[in-house]
Amino acid sequence: MNKRWALVAVAGAVALAGCSSDLPDDKATAGGSPSSEASKSTFFDQSEYTRQLAFRSAKPEGPDGKPWEQMLEPELVDTAKFAKPGGNYTLCFSNAAVNNPWRQVGFKTMQQEVKLHPEITTFTVLDAEGKDDKQISDIQSLAGKKCAAIIISPNTTATLTPAVEQACQTGVPVIVFDRGVNTKCPVTFVHPIGGFAFGADGAEFLKEKVKPGGKVLALRILPGVDVLEQRWAAANEIFAGSGLKVVGVEFTDGDAAKTKSIVADYIQREGRIDGVWMDAGATAVAAVEAFQDAGVDVPAIVGEDQQDFLRMWVDEGLTAVAPTYPTYQWRTPIIAALKILKGEQVPKEWVLPQPRISGDNVKEYVKQDMPPLHYAMCGCEGMPGYPGPWR
């Protein structure tokens, strides 16, 4: 098993809803900052960390201006045995959920990608609603629907691995994307660079903008989710040698009111916060508002590519950065499936570029006519019907 596929499987048994009571070994509890060595013991893989950081500067292969079709250092595999010329394809998709804005924007983008390909006559979608047992049943159900190819975005990693392996045994090509599984049987695994790159982008920014000795508050969503743990492991590695003081590592559950309360408590407790790192930026606006309500300067902050944060960034002149986990990746599995059905080579691991929004280019991504929770990296602006389906 290669490093990437193995690493993605680390926390697969933990549901994204955070229902498990097990914390990762780094024990990043409220008010505390775990040691770098503790984070490394479970979620830090030096070779994968180095690989992902190098990918950030790698030149992608593929058409300019279409990052959803690009690939980083691909190892192509032959797909001739899956070729089914002539079109009239039924593509099947087992989706983990559409239970947050990121997944909603992505799924709308995927649906519009399907419409671009008349050779796809049927697009069968089953929504697991964030439940492992339902997705296992869904994948088994798709085996009887005469699918030309099966696309899977797993809800969790280890629990869904056997179901993906069973799907592979049907002889139908399987494409996994977004979250991984602990098997190499899918024809291709599509994903952006990864959690280490995301976490490092934010931590490096704070290391640059905050003076040594400055106080950093780390805001996280949930413990035990692999991609989020990788983000924190990378940030913790960078903070450990930065001279910055991480005064707290707090879980917000992705709740804006809780985020605001936590930040307000730290402002009162510490007197000053010099930087805010986040493992996902959905509540970045709430964090900014906490500083504004306290009547203090907003420090350097890490957000994401949601429109509400990007607009506030520009309007308020924030010192900020937005690592991304681009929703344009939802286009790629459809493209990959069609390549496979035409017998064309695809990467075994299809690594997509993972852009970072900075102060130099943030204005390019602000779309005043889009909803506040729309993600800028949808890759959807040139698609027919835009912006209607995404509003």
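Okay, so accessible area here comes from the Shrake-Rupley method with a 1.4 Å probe. With that in hand: the accessible surface of this protein chain is about 15,400 Å², and 48% of that belongs to carbon and sulfur atoms. Keep in mind that we're looking at a predicted model.

Let's get the overall picture. The chain has 391 residues, and 58% of them count as buried. For secondary structure, we've got 13 helices and 14 strands. And how do the contacts spread along the sequence? Take the contacts between residues at least 6 apart: 75% of those join residues at least 24 apart.

Now, the part I'd like to walk you through is a sheet. There are 6 strands in it, it's open, and the pairing is mixed. Reading across, the order goes E8-E7-E9-E10-E11-E14. The edges are strand E8, residues 245–251, and strand E14, residues 356–357, and each of those pairs on one side only.

Let's stay at the E14 end for a second. Strand E11, residues 320–323, runs antiparallel to E14, and 2 bridges join the two. If you want to find one on screen, look for Pro-323: its bridge partner in E14 is Arg-356.

So what packs on this sheet? One helix is H8, residues 226–240, which touches strands E7 (215–220), E8 and E9 (275–278). The direction of H8 makes about 170° with that of E7. Then there's helix H9, residues 256–270, which also packs on the sheet, touching E7 and E8. For H9, the angle with the direction of E8 is about 150°.

That's my tour, thanks!

Note on methods: Residues numbered from 1 in each chain as written. Predicted model: local features only at pLDDT ≥ 70, side-chain atom pairs only at ≥ 80, totals over all residues. Heavy atoms only, no water. Helix = DSSP H or I, 4+ residues; strand = E, 2+ residues; numbered from the N terminus. Buried < 20%, exposed > 50% of the residue type's maximum accessible area, 1.4 Å probe, protein only. Contact = heavy atoms within 4.5 Å. Pairing = 2+ DSSP bridges. Axes fitted to C-alpha atoms, helices over the stretch in contact; angles between N-to-C directions.
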